[in-house]
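Subject: Structure for your review

Dear colleague,

Please find below the structure that I am handing over to you, with its sequence. My notes on what was found in it follow directly after.

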Amino acid sequence: EVQLVESGGGLVQAGGSLRLSCVATGLTFADYVIGWFRQAPGKEREGVALINVDDGAARYVDSMKGRFTISSDNAKNTVYLQMNSLKPEDTAVYYCAAGRGKSYFTLYTGGSDMDYWGKGTLVTVSS
């Protein structure tokens with residue numbers, strides 16, 4: 001059974017940082033791209049960043065560039081999202097998702113074609 005488990009969310013003040021983790025089990029990690037997506041209250045799910053676990057290539061939604069960094073530790077089957085300079089508008093439930101053979105375009109469709117999803121972790125940024 002494939003499982004993706006996110007952690008690291010919480011309450012942080014504007015300007016602060018958080019690092020989210022996504023641990024994947026039950027799949028061959030290097031065969032997948034892993035993405036971070038988020039959904040704010042009343043809004044559609046949107047892409048944040050994506051990493052090809054096999055070669056480490058990363059892509060970001062333009063609005064996240066420079067503040068967020070995605071990385072992976074293949075030995076731990078874990079993908080991270082380092083979030084800096086957080087803003088109140090970053091408040092959302094953050095999900096990780098795994099997709100086999102998916103392109104970065106999935107970031108712009110809210111991950112609609114990703115194969116597996118975690119349950120999410122809540123990030124709240126106070127002003």
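Gly99 is buried, as its relative accessible area is 0%. Please bear in mind throughout that this is a predicted model. Gly99 belongs to strand S9. Setting aside residues within four places in sequence, its contacts are Tyr32, Val33, Met114 and Asp115. Gly99 also lies 6.5 Å from Ile34, C-alpha to C-alpha, although 65 residues separate the two in sequence.

Strand S9 also carries one half of the disulfide, to which I turn next.

The structure holds 1 disulfide. Cys22 and Cys96 form it, with an S to S distance of 2.1 Å. Cys22 sits in strand S3 (residues 18-25) and Cys96 in strand S9 (residues 92-100), so that the pair links distant parts of the chain, 74 residues apart. Both Cys22 and Cys96 are buried. What is the handedness of the disulfide between Cys22 and Cys96? It is right-handed, because the torsion about the S-S bond is about 65 degrees.

As to the overall architecture, the protein contains 11 strands and 0 helices. Its pattern along the sequence is accordingly β-β-β-β-β-β-β-β-β-β-β. The radius of gyration is 13 Å, close to the 14 Å given by the globule rule for 127 residues, so the protein is as compact as a globular protein of that length. Along the principal axes, the C-alpha trace spans about 40 × 25 × 25 Å.

Of the 127 residues, 43% are buried. Among contacts between residues at least 6 apart in sequence, 60% join residues at least 24 apart. The exposed surface of the protein amounts to about 6400 Å², and carbon and sulfur atoms supply 45% of it. With regard to charge, there are 12 positive and 13 negative side chains, and the centres of the two sets are 4 Å apart.

Several loop residues also deserve mention.

I begin with the loop between S8 and S9, where Asp90 is found. Is Asp90 buried or exposed? Its relative accessible area is 1%, under the 20% cut-off, and Asp90 is therefore buried. Beyond its neighbours within four places in sequence, Asp90 is in contact with Arg38, Arg67, Phe68, Ser85, Val123 and Val125.

Ser85, one of those contacts of Asp90, lies in the loop between S8 and S9 as well. Ser85 has a phi near 50 degrees, which is a positive value in a residue other than glycine. With a relative accessibility of 39%, Ser85 counts as partly exposed.

A positive phi is found at Asn77 too, where the value is about 50 degrees although the residue is not a glycine. Asn77 is placed in the loop between strand S7 (68-73) and strand S8 (78-83). Its relative accessibility is 22%, so Asn77 counts as partly exposed.

Lys76 is also located in the loop between S7 and S8. Lys76 has a relative accessibility of 53% and so counts as exposed. The C-alpha atoms of Lys76 and Phe29 are 9.5 Å apart in space, while the two residues are 47 apart in sequence.

Finally, Ala14 occupies the loop between strand S2 (10-13) and S3. Its relative accessible area is 40%, so Ala14 is partly exposed. Not counting residues up to four places away in sequence, Ala14 touches Leu86, Pro88, Val125, Ser126 and Ser127. For Ala14 and Pro88, the C-alpha atoms are separated by 6.2 Å, with their positions 74 residues apart along the chain. Val125 is among the residues that Ala14 touches, and Val125 is also among the contacts of Asp90.

In summary, the predicted model is made up of 11 strands without helices, and its disulfide joins Cys22 to Cys96. Gly99 and Asp90 are buried, whereas Lys76 counts as exposed. Asn77 and Ser85 each have a positive phi without being glycine.

With kind regards

Methods. Residues numbered from 1 in each chain as written. Predicted model: local features only at pLDDT ≥ 70, side-chain atom pairs only at ≥ 80, totals over all residues. Heavy atoms only, no water. Helix = DSSP H or I, 4+ residues; strand = E, 2+ residues; numbered from the N terminus. Rg over C-alpha atoms; globule rule 2.2 N^0.38 Å. Buried < 20%, exposed > 50% of the residue type's maximum accessible area, 1.4 Å probe, protein only. Contact = heavy atoms within 4.5 Å. Areas by Shrake-Rupley, 256 points an atom, 1.4 Å probe, with all protein chains shown as cover. Lys, Arg positive; Asp, Glu negative; His and termini not counted. Charge placed at Lys NZ, Arg CZ, Asp CG, Glu CD. Disulfide = S-S within 2.5 Å.
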